[in-house]
Amino acid sequence: PRGPMNRQARYGSNLIKSHREEKLHQKKNLEKIMRQKNVSEDPTLNSNKFKKKFNNFNEKNLVVTDWERKNLNEKITFGKHTTLSLTEQRKSLPVYKMRSELIDAIKQNQFLIIVGETGSGKTTQITQYLYESNFTKNGIIGCTQPRRVAAVSVAKRVSEEVGCKLGEKVGYTIRFEDHTSSQTKIKYMTDGMLQREALIDPLMSKYSVIMLDEAHERTVATDVLFALLKDAGQKRPDLKIIVTSATLDSKKFSEYFLNCPVINIPGKTFPVEVLYSQSPQMDYIEAALDTVMEIHINEEPGDILVFLTGQEEIDSCCEILYQKVKTLGDAIGELIILPVYSALPSEVQSKIFEPTPKGKRKVVFATNIAETSITIDGIFYVIDPGYSKVNTFNPRVGMEQLIVTPISQAQANQRKGRAGRTGPGKCYRLYTESAFFNEMLPTTIPEIQRQNLSNTILMLKAMGINDLLNFGFMDPPPRNSMVRALEELYHLESLDQDGNITQLGLKMSQFPMDPKLSRSLLTSVSNNCSQEMIIIMSMLTVQNIFYRPKGKQQEADLKKSKFHHPYGDHLTLLNVYNQWEIAGCSEQFCTVNFLHQRHLRRAKDVKKQLETIFKNLKLPLIKCYGDPDLIRKTLVAGFFMNAAKRDSEVGYKTISSNTEVGIHPSSSLFGREYEYVIYHSLVLTSREYMSQVTSIEPNWLLEASPHFYKPTDENSHSRKKAKIVPLYDRFAKDQNSWRLSSIRQTRERA
Ligand code: CDP
Ligand code: MG
């Protein structure tokens with residue numbers, strides 16, 4: 001229902017008023033401090049300097065996030081206010097009342113759908129109920145999560161509740177990280193991991209029950225698992241399959257799973273008042289921060305949850321708010337600021353579940369991970385700017401990009417619901433009521449409808465599933481995205497002309513990564529540079545390792561440039577990793593060089609895992625001692641489709657689609673002029689940028705894929721003049737130059 005107009009008006013004007021007042025207040029305070037301490041420099045620019053200059057500054061109101069704590073090297077203890085014991089907490093969850101009903105239903109049915117409000121205890125409790133009811137006699141209990149963070153945090157929580165060490169009775173597996181053992185009875189994992197297990201064991205023989213959790217997220221892996229498990233269930237009557245979710249179209253799901261029953265868990269939720277922004281917000285970050293301050297100053301106690309789109313946004317918001325509150329000093333109450341996103345180290349993640357000490361307020365800046373995957377108790381206020389970042393296939397450039405996109409109405413309502421778990425709450429929507437009703441889609445589009453499917457299709461092919469058109473998808477992906485994936489796999493030589501998987505493709509499917517990466521890895525074996533390629537691929541898999549702290553950007557860039565390889569970013573990454581290893585993988589090395597130690601350590605883990613896969617496939621690990629040509633040629637073997645040629649007018653143009661692109665300013669090739677380059681991905685900001693770029697020789701493209709490229713003038717021997725064009729037009733209707741019967745068939749039926 002729509003809220004009364006005056007409420008909106010109130011909120012709208014408050015926002016503006018508080019904003020101005022607060023800014024003024026902040027400025028005055030700052031000026032005062034600066035006068036007193038006689039500093040000419042703006043202290044808000046740098047927290048370390050600030051700390052040094054004002055070591056007697058009243059720190060009572062300090063807001064401390066983990067990264068800040070590290071920076072400031074200070075200790076803050078979070079008070080523990082838990083009044084209920086773990087057992088009491090378990091019994092207080094809505095799902096507890098349904099315990100015997102659920103167990104009975106699972107005993108009587110092979111497939112079951114369970115729908116319940118977020119936080120009702122589905123993820124943490126149902127697995128334990130099954131364990132307590134002896135369901136692990138002939139197999140273990142598996143529970144999938146679309147997100148890594150959720151899998152890890154839930155496994156931790158459940159191991160505490162069960163009273164065991166993580167990895168013993170309760171464990172988790174995520175890509176490149178396995179915390180399970182032979183003792184493990186309850187196993188949480190990402191849906192992607194279970195999908196990979198299906199590759200080796202389609203009948204899921206080690207499981208007695210599999211719970212597909214967060215089914216409403218409709219990730220590609222969950223969607224594929226729907227079909228695989230439905231099939232496995234029909235072949236294995238003793239396998240139980242439970243599909244759980246916060247909100248979903250239960251009728252559709254029930255029909256898909258052979259008309260299985262649906263159980264609803266009545267939630268305990270409180271009403272949430274919705275406040276819309278009066279006019280569209282130009283800058284949702286600023287509006288969100290202002291709203292935080294507005295709530296903190298004017299509203300009753302209760303924690304605040306702010307939904308943002310990604311890590312960078314969240315980190316910078318934490319920093320800005322931290323500085324803001326610091327300058328305000330005693331004027332306001334204490335605020336604890338916490339970031340939540342997938343890449344966060346797990347020590348920090350557990351902080352978000354700690355109860356807020358009395359008299360303080362917690363602000364959590366989260367990605368849409370906090371929508372349903374994790375529940376933070378004590379939230380009374382939700383600030384929803386209305387956006388999230390989604391992986392979307394961009395047909396124009398022929399690849400996937402993370403794009404900030406408006407959320408759906410269903411998501412907005414989920415977000416709202418987070419404010420009503422502990423008591424009546426408020427949800428501040430930083431968009432207009434009309435935007436909600438007229439511009440937002442009712443529900444989110446399943447990922448499978450908009451993502452690159454090459455990895456998924458390669459896995460299905462490796463499982464012997466050839467007839468993709470009749471694969472039992474709940475919502476089949478669009479034909480053209482299947483065609484595109486098949487084409488890509490064909491060009492990478494993982495499928496043959498008839499669309500059957502090749503020996504190479506089978507090997508590629510063993511690597512839990514994009515086929516372009518696994519192709520380069522496999523080529524590195526014959527090119528005698530597998531050790532280097534493993535490092536480069538590991539570095540590409542983790543998040544950006546370079547760190548540019550505010551106020552020290554130039555210093556950081558200077559340090560970074562010392563690692564730069566003249567031929568580009570891939571060799572630069574190799575350089576960084578090798579030097580870090582030579583330095584004994586020390587933290588000191590990272591601090592001095594502005595590198596994320598955590599990301600490098602993860603790269604080391606990934607490297608180890610890739611080496612294990614190499615060993616299992618009996619592939620040799622060979623070093624070429626950094627031979628740049630050999631390494632670049634090997635990269636081209638996987639990334640030849642991501643090639644661009646310099647264009648005197650627009651910078652660069654991709655060869656396959658003629659899209660105008662530039663070299664990303666963070667690239668080591670920025671400002672250099674090479675004729676031909678390959679890139680890892682395209683980033684869309686103010687324009688299309690190539691990220692992770694390496695210079696190449698054009699003839700390498702022809703060598704790598706003679707059926708993808710041809711020289712325009714085959715008689716031209718002048719290298720300067722040689723031009724390369726794609727052999728076929730990926731958007732053309734007729735394809736005469738190559739034949740792929742299964743693809744053609746797919747096209748025709750489309
Ligand atoms: O899956 P569902 O959303 O239904 O609930 P859940 O994730 O099982 O959470 C049940 C309760 O456990 C909530 O009150 C959470 O706050 C708590 N929990 C926690 O304290 N720490 C975690 N890592 C996960 C859940
Ligand atoms: Mg859950």
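What follows is a conversation between a biologist and a modeller about how several features of this predicted model get their labels.

Biologist: Let's start with the whole chain. What does its secondary structure come to?

Modeller: The chain has 28 helices and 23 strands. Of its 750 residues, 44% are buried. Among contacts between residues at least 6 apart in sequence, 73% join residues at least 24 apart.

Biologist: Now to helix 21 and helix 25. What makes helix 21 oblique to helix 25?

Modeller: Helix 21, residues 530-541, packs with helix 25, residues 597-616, at about 135 degrees, and their axes are 8 Å apart. Angles over 145 degrees count as roughly antiparallel and those from 65 to 115 as roughly perpendicular. The angle of about 135 degrees fits neither range, so helix 21 is oblique to helix 25. The crossing of the two is right-handed.

Biologist: Which residues make that contact?

Modeller: Helix 21 brings Ser530, Ile534, Ile535, Met537, Ser538, Met539 and Thr541, while helix 25 brings Ala603, Val606, Lys607, Leu610, Glu611 and Phe614. They divide into eight nonpolar, three polar and two charged.

Biologist: How do you know that helix 21 is largely enclosed by the rest of the structure?

Modeller: A residue is buried if 20 or more other C-beta atoms lie within 10 Å of its own. In helix 21, 11 of the 12 residues are buried, so the helix is largely enclosed. Among the buried ones are Glu532, Met533, Ile536 and Leu540.

Biologist: What do the buried residues of helix 21 pack against?

Modeller: They pack against helix 20, helix 23, helix 25, helix 26, strand 20 and strand 21.

Biologist: And how does the span of helix 21 compare with what is expected?

Modeller: From its first C-alpha to its last, helix 21 reaches 16 Å, close to the 16 Å expected for 12 residues at 1.5 Å a residue.

Biologist: Let's turn to helix 20 and helix 26. Why is helix 20 called oblique to helix 26?

Modeller: Their packing angle is about 140 degrees, with the axes 7 Å apart. Roughly antiparallel would need an angle over 145 degrees, and roughly perpendicular ends at 115. About 140 degrees lies outside both, so helix 20 is oblique to helix 26. Helix 20 passes helix 26 in a right-handed crossing.

Biologist: What is the make-up of this contact?

Modeller: Its residues divide into four nonpolar, five polar and two charged. Helix 20 supplies Lys516, Leu517, Arg519, Ser520, Thr523 and Ser524, and helix 26 supplies Thr634, Leu635, Ala637, Gly638 and Phe639.

Biologist: What makes helix 17 mostly covered?

Modeller: Eight of the nine residues of helix 17, which spans residues 454-462, are buried. Those buried residues include Ile457, Leu458, Met459 and Lys461. They pack against helix 8, helix 9, helix 18, helix 19 and helix 20. Just after helix 17, Gly464 takes a positive phi of about 85 degrees.

Biologist: Speaking of phi, what makes Lys618 and Gln692 worth pointing out?

Modeller: Most residues other than glycine have a negative phi. Lys618 has a positive phi near 60 degrees, and Gln692 has a positive phi of about 55 degrees.

Biologist: Is Lys618 buried or exposed, and how do you know?

Modeller: Lys618, in the loop between helix 25 and helix 26, has 6 other C-beta atoms within 10 Å. The limit for exposed is 12 or fewer, so Lys618 is exposed.

Biologist: And is Gln692 buried or exposed?

Modeller: Gln692 lies in strand 21. With 26 other C-beta atoms within 10 Å, against a cut-off of 20 or more, Gln692 is buried.

Biologist: Why does Met282 count as exposed?

Modeller: Met282 sits in the loop between strand 9 and helix 11. Its 7 C-beta neighbours inside 10 Å fall within the limit of 12 or fewer, so Met282 counts as exposed. Met282 and Tyr431 are 149 residues apart in sequence and 9.9 Å apart in space, C-alpha to C-alpha.

Biologist: Last one: why is Glu703 called partly exposed?

Modeller: Glu703, in helix 27, has 14 other C-beta atoms within 10 Å. Exposed needs 12 or fewer and buried needs 20 or more, so Glu703 falls in between and is partly exposed. Between Glu703 and Ile295 there are 62 Å in space, C-alpha to C-alpha, and they are 408 residues apart in sequence.

Methods: Residues are numbered from 1 along each chain as its sequence is written. Chains are lettered from A and ligands numbered from 1 in the order in which they are written. This is a predicted model: local features need pLDDT of at least 70, side-chain atom pairs count only at pLDDT 80 or more; totals for chains, interfaces and linings use all residues. Helices (H or I, at least four residues) and strands (E, at least two) are DSSP runs, numbered from the N terminus. Two residues are in contact if their C-beta atoms, placed from the backbone, lie within 7 Å. Axes are lines fitted to C-alpha atoms, for helices over the stretch in contact, and angles run from 0 to 180 degrees between N-to-C directions. Angles under 35 degrees count as roughly parallel, over 145 as roughly antiparallel, 65 to 115 as roughly perpendicular and the rest as oblique. A crossing is left-handed if the near helix is turned anticlockwise from the far one by less than a right angle, and right-handed if clockwise. Ala, Val, Leu, Ile, Met, Phe, Trp, Tyr, Cys and Pro count as nonpolar, Asp, Glu, Lys and Arg as charged, and the others, Gly among them, as polar. The expected span of a helix is 1.5 Å times one less than its number of residues.
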